[in-house]
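Biologist: Could you take a close look at one part of this protein for me, and then place that part in the whole chain? I would enjoy a connected walk through it.

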Amino acid sequence: MAKAFKYGLKGITGFLEPAERELLRSLIDDVISMLEPEERANQDPLAALIGLDMDVREPTDRAVKRLLPNVMKNDDGASLEFRQLTERSLRETKIGALRAAALDLDKDEIVLTPEGARHWSMALNDVRLVLAERLDIRDEEDAEHVHLMQDWSQAEDVESYLALVYNFATWLQESLVQAMLTSMDTKA
């Protein structure tokens, strides 16, 4: 059974069983595949190198859109321009954090450096955003409904299984953030 992240002499540590690590690895792989930028045959190599993508459009998948939201709610043109200038590098940053977290899943005990903790925090947040979108969590009431699902023996369908996975990722992220805060308090 997983043990929450905590801060101690070795830094920030956590423990995950093989099945839990495999579940997280699968979720991380799914999010990475959602974020992989589309390769185009006629793409300008210089533009790609510096992170520009003038052909990018607002994502149609709601989960990807939640990962890469518009920055201006009432200005589609400004949002598109910002997206063209930043989305490629944002995708690469997110993918880098997800891959770094996945590398830590090779061991039962996870020992994180401050940079590793930051990557894990980003990765767990992106996994949770995708799960929240798939569960159609829109407000506190929806979140509370999902939070009520705590017993794996109650999982009867895809939605209840996703709710349990969402709750697991949430618990893991909360323990990580608490360990990061404890780390900061100890160093101050």
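Modeller: Gladly; what follows starts with a charged patch, moves on to two helix residues and ends with the chain as a whole. Please keep in mind that this is a predicted model.

The part to look at is a negative surface patch made up of Asp 139, Glu 140, Glu 141 and Glu 144. One of its members, Glu 141, sits in helix H6, which covers residues 140-147. Glu 141 counts as exposed because its relative accessibility is 64%.

Helix H5, residues 114-134, holds Ser 121. With a relative accessibility of 18%, under the 20% limit, Ser 121 counts as buried. Beyond its neighbours within four places in sequence, Ser 121 is in contact with Gln 173, Leu 176 and Met 180.

Glu 22 belongs to helix H1, residues 18-35, and is partly exposed, because its relative accessibility is 46%. Between Glu 22 and Leu 9 there are 27 Å from C-alpha to C-alpha, at a sequence separation of 13 residues.

Now for the whole chain. The protein chain has seven helices and three strands, and from the N terminus their order is β-β-α-α-α-α-β-α-α-α. Of its 188 residues, 42% are buried. Among contacts with a separation of 6 or more, 70% join residues 24 or more positions apart. The C-alpha trace spans about 50 × 40 × 30 Å along its principal axes. About 11,200 Å² of the chain is exposed, with 55% of that supplied by carbon and sulfur atoms. As for charge, the chain carries 22 positive and 37 negative charges, and the mean positions of the two sets lie 4 Å apart.

How values were computed: Residues numbered from 1 in each chain as written. Predicted model: local features only at pLDDT ≥ 70, side-chain atom pairs only at ≥ 80, totals over all residues. Heavy atoms only, no water. Patch = residues over 30% accessible without salt bridge, like charges linked within 9 Å, V, L, I, M, F, W, Y side chains within 5 Å. Areas by Shrake-Rupley, 256 points an atom, 1.4 Å probe, with all protein chains shown as cover. Salt bridge = Lys/Arg side-chain N within 4 Å of Asp/Glu carboxyl O. Lys, Arg positive; Asp, Glu negative; His and termini not counted. Charge placed at Lys NZ, Arg CZ, Asp CG, Glu CD. Helix = DSSP H or I, 4+ residues; strand = E, 2+ residues; numbered from the N terminus. Buried < 20%, exposed > 50% of the residue type's maximum accessible area, 1.4 Å probe, protein only. Contact = heavy atoms within 4.5 Å.
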